[in-house]
Amino acid sequence: MSDKCLSCGACTYLCPTCYCFNITDENDGGDGMRGRRLRSWDNCMSSLFTREASGHNPRMGKALRLRNRVGHKFSYYPRLHEGVVSCNGCGRCITGCPVSVDIREMVVRATEPDAKETPNA
Ligand code: SF4
Ligand code: SF4
């Protein structure tokens, strides 16, 4: 299902339960002695999201990023929070996706008895 994904990140920016952010420090101009620390939204569908300082990226492929997004909402998060899933079913990620990637379809496929492993694409 990741083949058609554009890695645009719209699904994460529209999602009311996504909360990942980035921190950057910027020079505020003037005498160079002042700066400001900014917090901005980030998204796990970007190829740069998990790139480490060494250049290594454990989630280089789209399939791995999509699997992480769905897995976080329906498996990793519930495991840490007494079974509460990190999705309220609003559907914004589906209507906002330019190529109609449907999270419902991914969950159904992933929970089918004969679901196969996601390739390391
Ligand atoms: S359906 Fe779930 S994953 Fe999609 S935008 Fe709504 S809360 Fe987020
Ligand atoms: S909105 Fe659709 S195309 Fe964009 S990153 Fe999400 S799944 Fe991929």
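**Entry 1: Glu82**

I looked up Glu82 in this predicted model and found that Glu82 is exposed, because 6 other C-beta atoms lie within 10 Å. A residue counts as exposed if that number is 12 or fewer. I placed Glu82 in the loop between α2 (62–80) and α3 (92–96). I then read its backbone angle: the phi of Glu82 is positive, about 50 degrees, although Glu82 is not a glycine. I noted the value since most residues other than glycine have a negative phi.

**Entry 2: Ser7**

I turned to a second residue with a positive phi. Ser7, also not a glycine, has a phi near 60 degrees. Ser7 belongs to the segment before α1 (10–14). Is Ser7 buried, exposed or partly exposed? I recorded Ser7 as partly exposed, because 15 C-beta neighbours lie inside 10 Å. I also found Ser7 among the residues around ligand 2.

**Entry 3: Lys73**

I looked up Lys73 and located it in helix α2. Lys73 counts as buried, because it has 20 C-beta neighbours inside 10 Å. The cut-off for a buried residue is 20 or more. Which residues does Lys73 contact, leaving aside its neighbours within four places in sequence? I listed Val85, Ser86 and Cys87. For Lys73 and Cys87 I also noted the spacing: they are 14 residues apart in sequence, and their C-alpha atoms are 6.1 Å apart in space. Cys87 appears again in the next entry, as one of the closest residues to ligand 1.

**Entry 4: Ligand 1**

I looked up the surroundings of ligand 1. How many residues surround it? I recorded 13, and the closest are Cys15, Cys87, Cys90, Arg92 and Cys93. I then sorted this shell by class and obtained seven nonpolar, four polar and two charged residues.

**Entry 5: Ligand 2**

I repeated the search for ligand 2. The residues around it include Cys5, Cys8, Cys11 and Cys97. Leu6, Gly9, Ala10, Met45, Pro98, Val99 and Val101 are also in this shell. By class, I found 10 nonpolar residues, two polar ones and no charged ones around ligand 2.

**Entry 6: Met45**

I chose Met45 from the shell of ligand 2. Met45 sits in the loop between β2 and α2. Is Met45 buried or exposed? I recorded Met45 as buried, because 23 other C-beta atoms lie within 10 Å. Beyond its neighbours within four places in sequence, Met45 is in contact with Ser7, Gly9, Cys11, Thr12, Arg65 and Arg69. I also checked Met45 against Leu6: they are 39 residues apart along the chain, and their C-alpha atoms are separated by 9.0 Å.

**Entry 7: The nonpolar core**

I looked for the largest nonpolar core. Which residues make it up? I listed six in all: Cys11, Cys15, Cys18, Met45, Cys93 and Ile103. As background, nonpolar side chains tend to be buried together in soluble globular proteins. For Ile103, leaving aside neighbours within four places in sequence, I noted contacts with Val70, Cys93 and Ile94. Cys93 is thus named twice in my notes on the core, as a member and as a contact of Ile103.

**Entry 8: The two strands**

I examined strand β1 (residues 21–27) and strand β2 (residues 35–41). They run antiparallel and are joined by seven bridges. Within this pairing, Thr24 stands opposite Leu38, and Asn27 stands opposite Gly35. Why does β1 lie largely in the open? I found the number of buried residues among its seven to be zero, so β1 is largely in the open. For β2 the count of buried residues is also zero among seven, and β2 is hardly covered.

**Entry 9: The whole chain**

I finished with the protein chain as a whole. The chain has four helices and two strands, in the order α-β-β-α-α-α along the sequence. Its C-alpha atoms fill a box of roughly 65 × 30 × 30 Å along the principal axes. Of its 121 residues, 12% count as buried. Among contacts between residues at least 6 apart in sequence, 58% join residues at least 24 apart.

I also looked up the confidence of the prediction. The average pLDDT of the chain is 91, and 94% of the residues score at least 70. Among the elements, α3 has the highest mean pLDDT (97), and helix α4 (residues 103–111) has the lowest (91).

Conventions: Residues are numbered from 1 along each chain as its sequence is written. Chains are lettered from A and ligands numbered from 1 in the order in which they are written. This is a predicted model: local features need pLDDT of at least 70, side-chain atom pairs count only at pLDDT 80 or more; totals for chains, interfaces and linings use all residues. A residue is near a molecule or strand if its C-beta atom, placed from the backbone, lies within 6 Å of it. Ala, Val, Leu, Ile, Met, Phe, Trp, Tyr, Cys and Pro count as nonpolar, Asp, Glu, Lys and Arg as charged, and the others, Gly among them, as polar. A nonpolar core is a set of buried Ala, Val, Leu, Ile, Met, Phe, Trp, Tyr and Cys residues joined through C-beta atoms within 7 Å. Two residues are in contact if their C-beta atoms, placed from the backbone, lie within 7 Å. Two strands pair if DSSP finds at least two bridges between them. pLDDT is the predictor's confidence in each residue, from 0 to 100.
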